[in-house]
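Q: Got a minute to go through a model with me? I'd like to talk over a few spots in it.

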Amino acid sequence: MLKSKTFVKKTRSGGVLKIVREHYLRDDIWCGSEVCTECKQESTVLQRDTCIESNLCAYPHYLIPDTNVVLHQIDVLEDPVIRNVIILQTVLQEVRHRSAPVYKRIKDIIHEKEKHFYTFTNEHHRETFIEREPGESANDRNDRAIRVAATWYTQHLKTSESAADGLKVVLLTNDQGNKQKAAESGLLVFKCEEYIKNFFHFFNEITSSKVLFPEHLPLSRIQAGIKSGSFLQGTFRASRDNYLEATVFVPGEGEDSTEVLLQGLQNLNRAVHQDVVAVQLLPRDHWVAPSSVVLQDEGMAKDENPEEEEEEKAVSPVTASLSAKKPTGKVVGIIKRNWRPFCGMLNVSQIKESTRHLFTPADRRIPRIRIETRQASTLAGQRIMVAIDGWPKDSRYPNGHFVRSLGGAGEKDTEEEVLLLEHDVPHQAFSQAVLSFLPKMPWAITPEDMKQRQDLRQLTVCSVDPPGCTDIDDALHCRELDNGNLEVGVHIADVSHFIRPGNALDKEAANRGTTVYLCGKRIDMVPELLSSNLCSLRSNVERLAFSCIWEMNHEAEILKTWFTKSIINSKASLTYAEAQMRIDDTTMNDDITKSLRGLNKLAKILKRRRIENGALTLSSLEVRFHIDSETHDPIDLQTKELMETNSMVEEFMLLANISVAQKIYDEFSECALLRKHPAPPPSNYDILIKAAKSKNVAIHTDSAKALADSLDMATVDSFPYFNTLLRILATRCMMQAVYFCSGMDSDFHHYGLASPIYTHFTSPIRRYSDIIVHRLLAVAIGADSTYPDLMDKHKQSALCNNLNYRHKMAQYAQRASVAFHTQLFFKTRGVLNEEGFVLFVRKNAIIVLIPKFGMEGTVFFDSKDKTAPNLVFDEEGPTLTVEQHTFHIFDKVKVTISLDASNIQHQKIRMALIDPVISGVSVPAEDLEPQSKKSKLDR
Amino acid sequence: MAGLELLSDQGYRLDGRKATELRKVQARMGVFAQADGSAYLEQGNTKALAVVYGPHEMRGSRSRTLHDRAVINCQYSMATFSTAERKRRPHGDRKSTEMSLHLKQTFEAAVMTQLYPRSQIDIYVKILQSDGGNYSVCVNAATLAVIDAGIPMRDYVCACTVGFVDETPLADLCYAEESGGVSSLALALLPRGGQIALLQMDARLHQDHLETLIDAAMTACKGVSKVLDEVVRQHLQEVSVLTRE
């Protein structure tokens, strides 16, 4: 029964290795046909009656497809008409090597009983095994093996033709050469197309959909092209919603920067988000409008995926009005890759022995990456980091390698790490080099320090901060002078005394740019010794400070301003609530309280004056989590409350910042580091004006002052929350405030604060910009020496860019952290029903704000697996009519909130409508199961 | 591309065997005249040569002498040409030393050493070609050599490796299967009594599967013992024919 036969194989694994394997040939492999009496098989797969009604083959027959037919015509094989097919082992193995998705599909067909697909192990059958002949290619050998097996079947069925059914075997192949050879050896052979045409009315051959990208141009040609203007250089930004679309931001001279739209895999040409690329514009008649379709890459593990291609085709013929068309182009070359290790999760390949798997990054703008690993089963369900190695032009996905595992998905520590990595927040522990520049402990103020500084220890200085704050960077004092005026001082931690320019500590701080506050975690910009101890202006210890002191009259008019390096001794560190209590408690009359009362009185005047000048009071809901002290899980969540003392501290910080900004600009008009807030373009306000109009309130946006006034006026008696909502909307219309170097820009105006000049001076522990401002101010008052980089406006400008980037990322990270904690909170809470307000209306959804949690979510009205209700979107309102109900902005709705954990990588809060009741759209209120299919659509 | 499919849906392994089938075993006894006993055994592509000297008086350090039984001294080595890439060190490396120790333990359990107090039995085994299951092939070859030397044993010692794939135990693994991430187990059995002389496994396996795996290994060992028994009888017949003349 056993026939042993050894054969020699050569494979390449690094070098050439000779592999010897045994290959047993058997005589107990049966043909699987019902007709056959010769084979001693227990169960048969192939039927006696093969009822394919075809003109071409009127006789009963079995089909044997070759590899390419299986690979490309798998849809045909899946059709229920096709039955009684013999899949040869040779074919199956080849398919397995070449396409995992097709392999999966053919396996599924084989397992289906009604399809009568039989796998014939021809490679181990004594009579059908063939050896590769010298000079024969592997493909030719396999083709021959298929023909030999087909011949064997023909013979075999003929000899066992006791039933005399005239059963025949038909070989299907699309290869001309193979077909000819098969015909020569007397086989029945057809092209797939010929065979199918006889009983299908239409049949489109699905051609091989292998993606092949155009070659990238060499750098020299790109440079020449950019110089001559035929190519444009810009940063590649992939679209979050549609993997087949991207834009390239081409910075131009001054204002005329353009965006070039890219559509389709070929045109994207292997560029990855944030790469610097060269693009070539397409002729004007090829320009298209950005599609509004949400497309996610759900392709399988291999290059070929017909469905995907179809999707792509579906996108391109979007006919849009001419006005919507945008400059469209294609990527011709990559100037600089901006690859970094990406966080994400592994999609384990369907073939379980496979070592190649696709990795889905957490960031949707990054394509999936193919990696090779043997530990897929351990990595599944974990957050991992993967780096891209390269992207060959014949590969659908880039190739990469596994870097490290971050931990199980959904775990708090892991998710926090992912969040930091994804927002590019440097969060490693400080290096030894950095720590070596810290002052030696125990640290004390030296006599030299004393000499250079003003001694303000006798003043009643106190600090007011949020509860639990350990990095106290500001303290205040207020006292009455002999002449009846008030002396007000803002004392800021003197961080620049400890961080000397140019050393490792300074460089690290400059790189980090800002301290990042996450829920229950702080990622420091400077080591803890400084941030929470030496620089922190704690009570009853002597600390170095940089003081800004004003002499004011009782109307809060500044009579005199001076700046000095000083030594202070804070008398108390208060929280906002404590400070408020002292001010309100009339029985307390100590120095600290008096000082606070003076400050509070002045702050009120300052604030009033500022608002008269047109400063905006905007609103955004901030939430605070009550964190369980043991498990660090959020147990409750509430919106932050604002007290009078908050605004008191804020007023003086603003005042100090403005005073310092003026001073450093006067002194260094070319290299002062300032902060500006550009006025938003009028079109930004459209949504606000429209929304207000729906409640018959007029909003004027001609100037900040007009806006502030009309926001103050905008109230609806029956709707107390209206004003807050309006302010939230107004916040969304604003531009980002940015740092800049005074020598590089001419517009200094801070729109939100209505101040002609502004900078950041008051938080040097957590912002690097403030350190620079401190240094500038110190030079200005002759308290410190300067250094070259401080006076170089280009270096200054580059630093500003980094700081702006870090600030933006820190903000995003903060938001993501809040979102994650909100999810954790809802995970423990299950499903909740809450009231909310419609904040925006979109084409297929409404965005609802839940004031109780300060959180917003989207209620979708259409979904992939359900027929959409009748949706009418009116852009003018904007309103959305769902069936009979029309949604306006600010409508009060009731929603259920639950956590959607179906996609473990992107867990999200899901909202579904309860009230108003719309049949087929809303869900019943008591239905507290998380199973409402409504908002299943991925955002 | 995709890794190897160790067991197809039709139930065939890489080399065409079914899950419980052994590789082809061929053996010859008495291949060297100078040694007291010798045997050559092939199991598929794994080929081993075993040579036995003794029992004889203690050589080398006399301190190892045991007063109630014989000392068994084993040495395992692999020919430099036994693998796809030339092996640098034929014996004395960590793996070989461990293998020697395992062989020693196996044969101490099988050979009736108490019959030869204060003496020594040397068993040398060399792998000439390696294709998986080195340990079991060595044990099987050494058994034949010990029998050839005429040293009394309780029973044949038969060994076999088994692996676990797709909830199915695979008998007698070849190299491709061993290196394909299968958790494998080696078992040496005294088949008549069903006593286990050695059980070795260093992969991870769920406890629930251990019993089925051991059962499969025992069945495979019994299969091996049948083959070995045939070889011994065949050899005896040949020898007796020769001596009669």
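Q: Before we start, what makes a helix crossing right-handed or left-handed?
A: Picture one helix in front of the other: if the near helix is turned clockwise from the far one by less than a right angle, the crossing is right-handed, and if anticlockwise, left-handed. Keep in mind that this is a predicted model.

Q: OK, so which hand does the crossing of α12(A) and α25(A) have?
A: That crossing is right-handed.

Q: At what angle do α12(A) and α25(A) pack, and how far apart are their axes?
A: Helix α12 (residues 412-422) and helix α25 (residues 793-829), both of chain A, pack at about 155 degrees, with the axes 9 Å apart. Angles over 145 degrees count as roughly antiparallel, so that is what α12(A) and α25(A) are to each other.

Q: Which residues of α12(A) and α25(A) meet there?
A: From α12(A) you have Lys412(A), Glu415(A), Glu416(A), Leu419(A) and Glu422(A). They meet Met809(A), Ala813(A), Ala816(A), Ser817(A), Phe820(A), His821(A) and Leu824(A) in α25(A). By class, this contact has six nonpolar, two polar and four charged residues.

Q: Switching to chain B. How are the strands ordered in the open sheet of four?
A: The order is β7-β6-β8-β9 in chain B, and the pairing is antiparallel. β7 (168-171) and β9 of chain B are at the edges with a single partner strand each, so one side of each has no neighbour in the sheet. On average, neighbouring strands of this sheet are turned by 30 degrees against each other, ignoring direction.

Q: And β8(B), is that mostly covered or mostly open?
A: Mostly covered: β8(B) spans residues 183-190, and seven of its eight residues are buried.

Q: How many bridges does β8(B) make with β6(B), and how many with β9(B)?
A: With β6(B), residues 158-165, the antiparallel pairing runs over seven bridges. With β9(B), residues 195-200, it runs over five bridges, also antiparallel.

Q: Which residues in β8(B) pair with Ala159(B) and Val162(B)?
A: Ala159(B) has Ala188(B) as its bridge partner, while Val162(B) has Leu185(B). Towards β9(B), Leu187(B) stands opposite Leu199(B).

Q: What about the hairpin of β8(B) and β9(B), how many residues sit between the strands?
A: Four, and in that hairpin Gly194(B) takes a positive phi near 70 degrees.

Q: Which helices lie across these strands?
A: Helix α1(B), residues 94-110, lies across β8 and β9 of chain B, at about 170 degrees to β9(B). Helix α4(B), residues 207-244, lies across β6, β7, β8 and β9 of chain B and runs at about 140 degrees to β6(B).

Q: Now the backbone oddities. Which residues have a positive phi without being a glycine?
A: Gln274(A) is one of them, with a phi of about 80 degrees. Glu167(B) is another, at about 65 degrees.

Q: Where do Gln274(A) and Glu167(B) lie?
A: Both are in loops: Gln274(A) between α9 (265-268) and β13 (276-281) of chain A, and Glu167(B) between β6 and β7 of chain B. Gln274(A) is partly exposed, with a relative accessible area of 34%, whereas Glu167(B) is exposed, at 60%.

Q: Last one: which residues does the cis peptide bond join?
A: Gly54(B) and Pro55(B), with omega about 0 degrees. Pro55(B) lies in strand β3 (residues 46-57) of chain B.

Conventions. Residues numbered from 1 in each chain as written. Chains lettered and ligands numbered in written order. Predicted model: local features only at pLDDT ≥ 70, side-chain atom pairs only at ≥ 80, totals over all residues. Heavy atoms only, no water. Axes fitted to C-alpha atoms, helices over the stretch in contact; angles between N-to-C directions. Helix = DSSP H or I, 4+ residues; strand = E, 2+ residues; numbered from the N terminus. Parallel < 35°, antiparallel > 145°, perpendicular 65-115°, else oblique. Contact = heavy atoms within 4.5 Å. Nonpolar A, V, L, I, M, F, W, Y, C, P; charged D, E, K, R; others polar. Buried < 20%, exposed > 50% of the residue type's maximum accessible area, 1.4 Å probe, protein only. Pairing = 2+ DSSP bridges.
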